[in-house]
Amino acid sequence: YSAIEAFFQALNIDMHHICAGGIKILGGDAQEDISLRTTDLLIHGNKIHAVGKRYQAGCGILVMHSANNEISDNEIYDTEYSGISLGWIWGYADSTTYRNRIIRNHIHHIGKGNLSDMGGIYILGRNRGTVVAENRIHDITESIYGAWGLYIDEGGSYITMEKNVVYKTKSQCFHIHYGSHNLVRNNIFYGVGSPCLSSARNEHHDQILFENNILVAEDSQIYRTKAYHTMRAGRNLLWDLSGKAPRIYEDEFGVKYDWETWQGVFGHDKGSIIADPKIPGIREFDFRLAEDSPAYAMGFEPIPDYVTMPK
């Protein structure tokens, strides 16, 4: 049902008007013979659009039980469901999906309001060594719930997400259902009408270290989380474009927590500041920082122009 369902390199292909998904990588899981495992593929420079025309749950790129792949410099848009989906093991069981690199992709205008529970980049299960970096993700919509930019689902673990730009997602820019020991750093999340970050389940270990990010809201709360005991947040820059004090967190009972409570009671965002990040073109979705941005003084590393500039 996919345009490409085989074990080879896919380079610089324009694929469109497809019944289901665009590219599918499939290998053997941890219980199968090692000879069935699929590794070391390159999916680069492709344009994947107008997919899911008959089977709406088709993804732009789907990776199942496969390791050491590079998915880079692809443009994925006009899909009914997730742009890139990676994993296929729910929870913390052994996984043959690891050390994948998802870099420099442009994923936009997906979802279309017909399905729910999707991400620009969706990952689940143990993914040790997987890196998601320098992707630009925006304009994601859903039917009922769950239109996220970066989405770590059930058991997503050992993943690094850095130097991504995410905005205009109907739900949050970043969401974690539950997982373990993930690092989310040096990203720009612009919550246009929705919070920047959400999490869904408390567990008895650290799920994410969330640091050195720029979080910009516009008269909406910054965090929407139930997992406030298992998330470590620090050294972030928070701002609200409305000019009001940022609304930090509101729980499921409608209780609102201000900055002092968020830091003092929950112990989050130590070393973080509330300050204008100085992104002059942010309303036009140009995310280049001014040279005197206070984010740099906090250790924020520049994100390349090919990620921050409008496409």
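1. The point I would raise first is local: the side chains of Arg288 and Asp286 meet in a salt bridge, with 2.5 Å between N and O. The model is a predicted one, and the distances and areas quoted in this note are to be read as computed from it. The two partners differ in their cover, since Arg288 is partly exposed with a relative accessible area of 36%, whereas Asp286 is buried, with a relative accessible area of 14%. Elsewhere, salt bridges that share partners join Asp78, Glu80 and Lys112 into one network.

2. Side chains of opposite charge can pair when their charged atoms come close. In this model the count comes to 13 salt bridges, and two further examples deserve a place beside the Arg288 pair. One of them links Glu162 and Arg185, whose side chains meet at 2.7 Å, N to O. Glu162 belongs to strand β19 (residues 156–162) and Arg185 to strand β23 (residues 182–185), so this salt bridge ties together parts that are 23 residues apart in sequence. Arg185 is itself partly exposed, its relative accessible area being 31%.

3. The other example joins Arg283 to Glu218, the closest N and O atoms being 2.4 Å apart. Here both residues sit in loops, Arg283 in the one between β33 (273–274) and α2 (294–297) and Glu218 in the one between β27 (214–217) and β28 (221–225), so the pair ties together parts that are 65 residues apart in sequence. Arg283 counts as partly exposed at 45% relative accessibility, and Glu218 is also partly exposed, with a relative accessible area of 26%.

4. Turning to the overall fold, the protein chain has 3 helices and 33 strands. Its radius of gyration is 19 Å, close to the 19 Å that the globule rule gives for 311 residues, so the chain is as compact as a globular protein of that length. Along its principal axes the C-alpha trace spans about 55 × 40 × 35 Å. Of the 311 residues, 58% count as buried, and the accessible surface comes to about 12,800 Å², of which 50% belongs to carbon and sulfur atoms. Among contacts between residues at least 6 apart in sequence, 71% join residues at least 24 apart.

5. Strands of a sheet pair through backbone hydrogen bonds, either parallel or antiparallel. In this chain, 10 strands form an open sheet with parallel pairing, in the order β3-β7-β11-β14-β17-β20-β24-β27-β30-β33. The edges of that sheet are β3 and β33, each of which pairs on one side only. Within the sheet, strand β11 (residues 75–79) pairs with strand β14 (residues 106–110) in the parallel sense over 4 bridges, and Ile76 stands opposite Ile107 in β14.

6. Strand β27 can be followed on both of its sides in the sheet. Strand β24 (residues 188–191) runs parallel to β27 and is joined to it by 4 bridges, with Phe189 standing opposite Leu215 in β27. Strand β30 (residues 237–240) is likewise parallel to β27 and joined to it by 4 bridges, and there the bridge partner of Ala217 is Asp240 in β30.

7. In a regular strand the side chains alternate between the two faces of the sheet. For β27 both faces are covered, because residues count as buried under 20% relative accessible area, and Ile214 and Val216 on one side, as well as Leu215 and Ala217 on the other, are all buried. The residues with bridge partners named above, Leu215 and Ala217, thus belong to one and the same side of β27.

8. Two backbone details are worth checking by eye. Asn12 has a positive phi of about 55° although it is not a glycine, and Asn68 has a positive phi of about 60°, again without being a glycine. Asn12 is found in the loop between β2 (10–11) and β3 (14–16), β3 being one of the edge strands of the open sheet. Asn68 is found in the loop between β9 (66–67) and β10 (70–72). As for cover, Asn12 counts as exposed at 58% relative accessibility, while Asn68 is partly exposed, with a relative accessible area of 24%.

Conventions. Residues numbered from 1 in each chain as written. Predicted model: local features only at pLDDT ≥ 70, side-chain atom pairs only at ≥ 80, totals over all residues. Heavy atoms only, no water. Buried < 20%, exposed > 50% of the residue type's maximum accessible area, 1.4 Å probe, protein only. Salt bridge = Lys/Arg side-chain N within 4 Å of Asp/Glu carboxyl O. Pairing = 2+ DSSP bridges. Rg over C-alpha atoms; globule rule 2.2 N^0.38 Å. Contact = heavy atoms within 4.5 Å. Areas by Shrake-Rupley, 256 points an atom, 1.4 Å probe, with all protein chains shown as cover.
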